[in-house]
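Colleague: I would like a close look at one part of this model, namely its enclosed empty space, together with an account of the sheets that make up the surrounding fold.

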Amino acid sequence: MTYLDYQATTPLAPEAFDAMVPWLRDAHANPHSPHREGRRAKAAVEVARGQVAAALGADGGRLFFTSGATEAANWAITGTFERLRAHRPKVVTIATEHACVLDTAQALVIRGAEVVVLPVGRDGLVDRDAAVAAIDGRTAIVAAMLVNNEIGVVQPIAWLGELARAAGAVMFCDAVQGFGRVDLPHDACDLVAVSAHKVYGPKGIGALWVREGAEPATILHGGGQEGGLRSGTLSPALCVGFGVAAGLLDAADRSHATRLWSVARGILSGPDWMLHGSEDRRWHGNLNVRMEGLDVARLMSECRAIAFSAGSACSSGSGRSSHVLRALGLNEREARSSVRIGYGRYTGEEELVQALQAIDQAARGQR
């Protein structure tokens, strides 16, 4: 099997696996317990917290572990709205955001939120005029994704953050797909969500970085294990795995993805394969393309030895075409004739060439 679905999840780094094993097999203490073994587990959690924070490169602030980026986004948006809604009822986001952001924003409507969803152009980049008009003194939070999970486009987070700050609003960045891959403009962000399993770590753990003074209201109540703001017993194994995986992120991953991008574009390119999103402002580990009239279900059946996506993995089985592709202006037929290819650290150039040639041949065979 050739795995080309790195946007859905990444393989677990062997180093992260090895670091987790002792905490799964030998050490079982609760990291919130006061005895010696509990303190030992807590120490491992705190080392991991420092590793993730260091990989983010943020100056100051606090990093809270969560069950994943979905919880982090829900907490950031809902908690900020609850804290500020008396005088700032507006939530501003972008049409191509992940469902955990869009659905959370819409869920706040029944609690009085005024939700503004900014449009994007054919290149997938936010409409700047619409953003300037929407972000004002009534805005509680601006939520924007650093790197889009479906089309790989990099949004102007620094610029959006400047708008938010000038309006007195909180800037939340979903950095899940961009963490360790593209530069994160920390100074422009107040809240940043990341996920372990998108950076070669384990599933089931993420984090929310919070700038001092921007702490969202609590939405999970209980023991208050994470600084009194987020309740729930942490898993030392998951934290350790996340920490090690974050510590392994470096420039080599970026350069490798850039090399593979050149290879991939040499095979799946125009005029038959049309690229979605900006060619220049993007993460090179993502290739989302379409071929006119392509039956993607048939293509995936004919290429069963290759794991790739027909759209966002998070909406697979929903029966809906990609909201991201529709936001770019594609119609239903065009959106459904699109494929997403994702590759990364463990993808070999030769295997990528063979897989994409097989996809290309099978797609052309439908004609």
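How many cavities of 30 Å³ or more does a search of the whole structure find, and which residues line the largest cavity?

Modeller: Please keep in mind throughout that this is a predicted model. Rolling a probe the size of a water molecule over the atoms shows where empty space is left. A search of the whole structure turns up three cavities of 30 Å³ or more, and the largest cavity holds about 60 Å³ of space. Its lining is drawn from several stretches of the sequence: F179, G180 and R181, then V199 and Y200, then L249, D253 and A257, and finally W283, Y343 and G344. By residue class, this lining of the largest cavity comprises seven nonpolar, two polar and two charged residues.

Two of those lining residues, D253 and A257, carry numbers that fall in helix α8, which spans residues 251–267 and packs on a sheet by touching β9 and β10, so it is useful to turn to that sheet next, an open one of three strands in the order β9-β10-β12 with antiparallel pairing. Because β9 (274–275) and β12 (338–342) each have a single partner strand, they stand at the edges, and one side of each is left without a neighbour in the sheet. Between β9 and β10, the latter covering residues 286–290, the antiparallel pairing runs over two bridges, and within it L275 stands opposite V289 of β10. Helix α8 lies against this pair of strands with its direction at about 10° to that of β10.

The other sheet to consider is also open, with seven strands in the order β2-β8-β7-β6-β5-β3-β4 and mixed pairing. Its edge strands are β2 (62–66) and β4, each of which pairs on one side only, and from one strand to the next the twist averages 20°. At the β4 end, strand β3 (residues 90–94) pairs with β4 (residues 114–118) in the parallel sense over five bridges, where I94 has L118 as its bridge partner. The chain passes from β3 to β4 through helix α4 (residues 99–107), and this β-α-β crossover is right-handed. Strand β3 also pairs in the parallel sense with β5 (residues 139–145), in this case over three bridges, and there V91 has I141 as its bridge partner.

How values were computed:
Residues are numbered from 1 along each chain as its sequence is written. This is a predicted model: local features need pLDDT of at least 70, side-chain atom pairs count only at pLDDT 80 or more; totals for chains, interfaces and linings use all residues. Side-chain values use heavy atoms; hydrogens and water are left out. Two strands pair if DSSP finds at least two bridges between them. Helices (H or I, at least four residues) and strands (E, at least two) are DSSP runs, numbered from the N terminus. Contact means heavy atoms within 4.5 Å. Axes are lines fitted to C-alpha atoms, for helices over the stretch in contact, and angles run from 0 to 180 degrees between N-to-C directions. On a 1 Å grid over the protein atoms alone, a cavity is a set of points where a 1.4 Å probe fits but cannot get out, and a pocket is an open set with protein on both sides within 12 Å along at least five of seven lines; lining residues have an atom within 4 Å of a point. Grid points are joined across faces, edges and corners, and a volume is the space filled by probe spheres set on the points. Ala, Val, Leu, Ile, Met, Phe, Trp, Tyr, Cys and Pro count as nonpolar, Asp, Glu, Lys and Arg as charged, and the others, Gly among them, as polar. A crossover is right-handed if, with the strands pointing away from the viewer, the path from the first strand over the helix to the second runs clockwise.
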